[in-house]
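I opened this notebook to record how the helices pack, how the aromatic rings pair and where a few selected residues sit. The entries follow in the order in which I looked things up.

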Amino acid sequence: MEQKILDLIYEVCDDKIIYDKRDVNMFDTGLLESMDFIELLMNIEEEFDMEIQPEEIKKDEMATPNKLIAFIQARLN
């Protein structure tokens, strides 16, 4: 599952750094802009057949690939 999430992030940010540096802040480094983040969340919802409510979205809790992976794993368990 981690690899699939990383692949979804890569599709949006188009930078392989996310595979090697999973603690990189994707917003601070410019890998993700607001619209990219929305696209990513929509792709995650579709891929994992889940719905992420707006009140669940806390940018700082999803800012790195590792944090995003942890969020999705927690939602699926």
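Before the accessibility entries I fixed the terms: a residue is buried under 20% relative accessible area, exposed over 50% and partly exposed in between. I also noted that the model is a predicted one.

**Entry 1. Aromatic pairs**

I searched for paired rings and obtained 2 aromatic pairs. One of them joins Tyr 10 and Tyr 19; their ring centres are 5.8 Å apart and their planes stand at 45°, a tilted arrangement. I then asked whether Tyr 19 is buried, exposed or partly exposed. Its relative accessible area is 25%, so I entered Tyr 19 as partly exposed. For Tyr 10 I also found 25%, and Tyr 10 is therefore partly exposed.

I turned next to Phe 27 and Phe 37, which form an edge-to-face pair with 5.1 Å from centre to centre and 80° between the planes. I located Phe 27 in the loop between α2 (17-20) and α3 (34-48), and Phe 37 in helix α3. The two residues are 10 apart, and their pair links distant parts of the chain. Phe 27 has a relative accessibility of 15% and so counts as buried. Phe 37 has 7%, which means that Phe 37 counts as buried.

**Entry 2. Helices α1 and α4**

I recorded the two quantities by which a pair of packed helices is described, the angle between the axes and the distance between them. For helix α1 (residues 2-13) and helix α4 (residues 65-76) I read an angle of about 125° and an axis separation of 10 Å. Angles from 65 to 115 degrees count as roughly perpendicular and those over 145 as roughly antiparallel; α1 is therefore oblique to α4. The crossing of α1 past α4 is right-handed.

I listed the residues that make this contact: α1 contributes Glu 2, Ile 5, Leu 6 and Ile 9, while α4 contributes Pro 65, Leu 68, Ile 69, Ile 72 and Gln 73. Sorted by class, the contact of α1 with α4 comprises 7 nonpolar residues, 1 polar and 1 charged.

**Entry 3. Gln 73**

I followed up Gln 73, which lies in helix α4. Its relative accessibility is 27%, so Gln 73 counts as partly exposed. Which residues does Gln 73 contact, leaving aside its neighbours within four places in sequence? I found Met 1 and Glu 2. Glu 2 and Gln 73 are 71 residues apart along the chain, yet their C-alpha atoms are separated by 8.8 Å.

**Entry 4. Helices α3 and α4**

I looked up α3 against α4 and found that their axes come within 12 Å and cross at roughly 35°. I entered this crossing as right-handed. The residues in contact are Leu 40, Ile 44 and Phe 48 on α3, with Leu 68, Ile 72 and Leu 76 on α4. By class I counted 6 nonpolar residues, with no polar and no charged ones, in the contact of α3 with α4.

**Entry 5. Thr 64**

My last query concerned Thr 64, which I placed in the loop between α3 and α4. Is Thr 64 buried or exposed? The relative accessible area of Thr 64 is 7%, and Thr 64 is therefore buried. Leaving aside neighbours within four places in sequence, I listed Arg 22, Asp 23, Val 24, Asn 25 and Met 26 as the contacts of Thr 64.

Technical notes. Residues are numbered from 1 along each chain as its sequence is written. This is a predicted model: local features need pLDDT of at least 70, side-chain atom pairs count only at pLDDT 80 or more; totals for chains, interfaces and linings use all residues. Side-chain values use heavy atoms; hydrogens and water are left out. Axes are lines fitted to C-alpha atoms, for helices over the stretch in contact, and angles run from 0 to 180 degrees between N-to-C directions. Helices (H or I, at least four residues) and strands (E, at least two) are DSSP runs, numbered from the N terminus. Angles under 35 degrees count as roughly parallel, over 145 as roughly antiparallel, 65 to 115 as roughly perpendicular and the rest as oblique. A crossing is left-handed if the near helix is turned anticlockwise from the far one by less than a right angle, and right-handed if clockwise. Contact means heavy atoms within 4.5 Å. Ala, Val, Leu, Ile, Met, Phe, Trp, Tyr, Cys and Pro count as nonpolar, Asp, Glu, Lys and Arg as charged, and the others, Gly among them, as polar. Rings of Phe, Tyr and Trp (its six-membered ring) pair if their centres lie within 6.5 Å; planes under 30 degrees apart count as stacked, over 60 as edge-to-face and the rest as tilted. Buried means under 20% relative accessible area, exposed over 50%, partly exposed in between (1.4 Å probe, protein chains only).
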